[in-house]
Amino acid sequence: MASKKFKPSTKSTLPFKTGNKEKRQKLHITRKKALDNTRRDERFRRRREEDKDPSLREERLRKNIPLTLERKRVWDDVDGDIGDGLGVSVDVERLKRQKLAEEVEANDDHDQ
């Protein structure tokens, strides 16, 4: 199922601008209804296709993962020889785990 760009029908766009407020409101309502109908038709078409082939639904759900701030973040490699470190993203949890691991190793060395 190839995803297509949404193309509104001719009913869903305003062919002209009108100065009459009531006509403008009616045109907006008809445009919005037409837009909602096309989206609904697309949704039900996709549902029918996915009912026939469940792998399409699995693929769509796998791809439709929302991009949150945490998912967009890209970690930089942090080296000790970087100048002032301005603008460097640091994975604090990873550094904390490394520090704890070093402390455990140091305690093991002192015990022996």
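Which side chain is joined to that of E50 by a polar contact of 3.4 Å? The side chain in question is that of R57, a polar contact being a pair of N or O atoms within 3.5 Å, of which, within protein, one must be able to donate a hydrogen and the other to accept it, with residues adjacent in sequence counting only if both atoms are side-chain atoms. The structure is a predicted model, in which local features need pLDDT of at least 70 and side-chain atom pairs count only at pLDDT 80 or more, whereas totals for chains, interfaces and linings use all residues. Residues are numbered from 1 along each chain as its sequence is written, and side-chain values use heavy atoms, with hydrogens and water left out.

The chain has four helices and zero strands, and read along the sequence it follows the pattern α-α-α-α; helices (H or I, at least four residues) and strands (E, at least two) are DSSP runs, numbered from the N terminus. Of the 112 residues in the chain, 6% are buried, where buried means under 20% relative accessible area, exposed over 50%, and partly exposed in between (1.4 Å probe, protein chains only). The chain exposes about 10,700 Å², of which carbon and sulfur atoms supply 51%; accessible areas come from the Shrake-Rupley method with a 1.4 Å probe, and for residues only the protein chains shown count as cover. Among the contacts in the chain with a separation of 6 or more, 25% are accounted for by residues 24 or more positions apart, a contact being defined by heavy atoms within 4.5 Å.

Helix α1 comprises residues 21-52. Its 32 residues should span 46 Å at 1.5 Å a residue, and the end C-alpha atoms are 47 Å apart, which agrees; the expected span is 1.5 Å times one less than the number of residues in the helix. The N-terminal end of α1 is capped by N20, a side-chain oxygen of which lies 3.1 Å from the backbone nitrogen of E22. Within α1, the residues A34, L35 and E50 are buried, and the buried residues of this helix pack against α2, which covers residues 54-63. In helix α2 lies L56, which is likewise buried, with a relative accessible area of 17%. Between L56 and R46 the separation is 10 residues in sequence and 9.0 Å in space, taken from C-alpha to C-alpha.

The structure holds seven salt bridges, each defined as a side-chain nitrogen of Lys or Arg within 4 Å of a carboxyl oxygen of Asp or Glu. In general, side chains of opposite charge can pair when their charged atoms come close. One of the pairs is formed by E42 and R45, with the closest N and O atoms 2.4 Å apart; both residues lie in helix α1, three residues apart, about one turn of the helix. An α-helix has 3.6 residues a turn, so residues three or four places apart point the same way. Both partners count as partly exposed, E42 with a relative accessible area of 32% and R45 at 24% relative accessibility.

A second group of charged residues is centred in this description on E50, which has a relative accessible area of 3% and is therefore buried. The side chains of E50 and R57 meet in a salt bridge of 3.4 Å, N to O, and R57 is partly exposed at 29% relative accessibility. E50 also forms a salt bridge with R60, for which the closest N and O atoms are 2.5 Å apart. Because E50 lies in helix α1 and R60 in helix α2, this pair ties together parts that are 10 residues apart in sequence. The side chains of E50 and R60 also make a polar contact, again at 2.5 Å, and R60 is partly exposed, with a relative accessible area of 24%. E50, D51, R57 and R60 are linked in a network of salt bridges.

Elsewhere on the surface, V90, V92 and L95 make a nonpolar patch of about 230 Å². Patches are made of residues with over 30% relative accessible area and no salt bridge, like charges being joined within 9 Å and nonpolar side chains (Val, Leu, Ile, Met, Phe, Trp, Tyr) within 5 Å. Of the patch residues, V92 is placed in helix α4, residues 92-111, and is exposed, with a relative accessible area of 59%.
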